[in-house]
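Reader: Could you walk me through this structure slowly, since I am new to this?

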Amino acid sequence: MDANIAPERIKHLNQKPAYDNGTYVLYWMQQSQRSYWNHALEYAIAKANELDCGVLVGFGLMDDYPEANARHYTFLLEGLQQAQEGLEDRKCKFVLRFGHPAEVALELGQSAKCIVCDRGYLRHQRAWRDRVAEEADCQVVQVECDAVVPVEEASDKQEYAARTIRKKLMGQYEGFLEKPDGGTLQKDSRFLQPTGQDIEDIPAMVKRMDIDHSVAPVSEHFQGGEQRAAAVFERFLQQHFSDYSAHRNQPQTDDVSYMSMYLHFGHIAPAHLLQWVRQAKPKDDNREDFVEELLVRRELGINFCYYTEDYDRFDTLPGWAQETLAEHSKDERDPAYTLEELEHAQTHDPYWNAAMLEMKHTGYMHNYMRMYWGKQILAWSPDPKTAYDRTLHLNNKYFLDGRDCNSFANVSWVFGQHDRGWTERPIFGKVRIMKQSGLKRKMKPDQYVEKVARLTGIDATEI
Ligand SMILES: Cc1cc2nc3c(=O)[nH]c(=O)nc-3n(C[C@H](O)[C@H](O)[C@H](O)COP(=O)(O)OP(=O)(O)OC[C@H]3O[C@@H](n4cnc5c(N)ncnc54)[C@H](O)[C@@H]3O)c2cc1C
């Protein structure tokens, strides 16, 4: 069987054989929510052709996914709607069922010859796959699609910083840019028996779900889906890429890819993006910086969550950071804000307020403002642990790309993870500080406030 997939991406999660009496190969789609450049799907198609059967793609949608709300579910369903169309074009049947993802996989897996799944790195995502591998009666094969370099190939341990993983990733990533290809599915599977939920009226569907409805969808700013992801990226390449390096720290501009939310939901493959850039753009600073972000920084986040059991806890920060923050935990905070004041963007700092409003109203924020935003929460909270909890909470509540490996790694970065010690200061100790004066020196924060005012419809003078 050849689907042009690097063997390092493929892992048998149990030792059970394929089940002879099954009627299809089940691709249990959970992380990689797309119908192309999806290694797990291509593997499933190639396997089905070999076993002379069809492919059923199943997705389990639960109401109580950790920290998810109406904003996240809307984007997810917009993506699944496009994935379904793409899968039907490829003659696969797509079934969405409400329920715990592992239980939906096991239910649909009862009639499967073999179950193929994609890979997630967070605790619960790993636990679901372990459960399916243990309880299913047939073979379960995991195919890693959403990291360029498979996580264990990149490194066998938790890395200290970008500088320690960079060489490992850069040295091998070109060998993992293969476009997977399972061929044409021989058995038209669109009429397979299992049925699921129609994805038609997404707002009505979300409304019916027993979820947190307090955070509104942001479809007027960002809509989910594989075709939309490709269109947004195409626009980035044509209109913004040439300024990517120059504007990395210029949040008043729009010269970024806006890919993080699509990557989070698996609407686009990171290897596809890298391959696309390599084919479309010459080797220059823009290309190198983009590879640095998408490959090195993003996969450092994956490495962090994969090798750190408690990636979402303050007490897994490096010892030096915990020590220095503890030494300064009683330093006076002036000003100090409550979580409610922060969440309502009611601080004395218009630039910070603008960042908070951008995230609340659009679900996105430029990387440079994310750094500033997180650092001020540390400065204005009663103690470092409370600051960490608040930052993670707001990050995961409002960002479309929240609840990602990158969320946990980057919130931890605010508190010293993947960084080194700097000159000692009040509150921060040796943890890196960012000040408003630096913001004014390095970018154009007033223009950023105006940009947020345009995006949110809030008067700039009110921010
Ligand atoms: C406090 C804080 C919180 C953050 N929370 C999240 C989060 O919840 N989810 C999330 O995906 N990213 C998070 N980031 C990382 C980064 O800010 C976003 O990935 C990036 O801004 C997304 O915008 P973009 O896709 O337009 O980025 P681009 O500049 O176009 O970069 C392309 C891709 O590279 C990756 N990337 C870029 N910058 C970083 C970075 N600093 N670290 C890791 N990967 C990066 C992303 O996958 C991004 O989509 C956070 C950063 C900070 C400082």
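Author: We can talk about one helix first and then about aromatic rings. This is a predicted model, in which local features need pLDDT of at least 70, side-chain atom pairs count only at pLDDT 80 or more, and totals for chains, interfaces and linings use all residues. Residues are numbered from 1 along each chain as its sequence is written, and side-chain values use heavy atoms, with hydrogens and water left out.

Reader: Okay, which residues of H19 are buried?

Author: Helices are DSSP runs of H or I with at least four residues, numbered from the N terminus. In H19, the buried residues (under 20% relative accessible area, with a 1.4 Å probe and protein chains only) are Pro445, Tyr448, Val449, Lys451, Val452, Ala453 and Thr456.

Reader: And what do they pack against?

Author: They pack against helix H14 (350-362), helix H15 (367-380) and helix H18 (436-442), where contact means heavy atoms within 4.5 Å.

Reader: What comes just after H19?

Author: Gly457 follows, and it takes a positive phi of about 75°.

Reader: Switching to rings, how many aromatic pairs are there?

Author: The count comes to 24 aromatic pairs, if rings of Phe, Tyr and Trp (its six-membered ring) pair when their centres lie within 6.5 Å, with planes under 30 degrees apart called stacked, over 60 edge-to-face and the rest tilted. Phe75 and Tyr262 make a tilted pair, because their ring centres are 5.4 Å apart and their planes are at 50°.

Reader: Where do those two sit in the chain?

Author: Phe75 is in helix H2 (residues 70-89) and Tyr262 in helix H9 (residues 260-264), 187 residues apart.

Technical notes:
Buried < 20%, exposed > 50% of the residue type's maximum accessible area, 1.4 Å probe, protein only.
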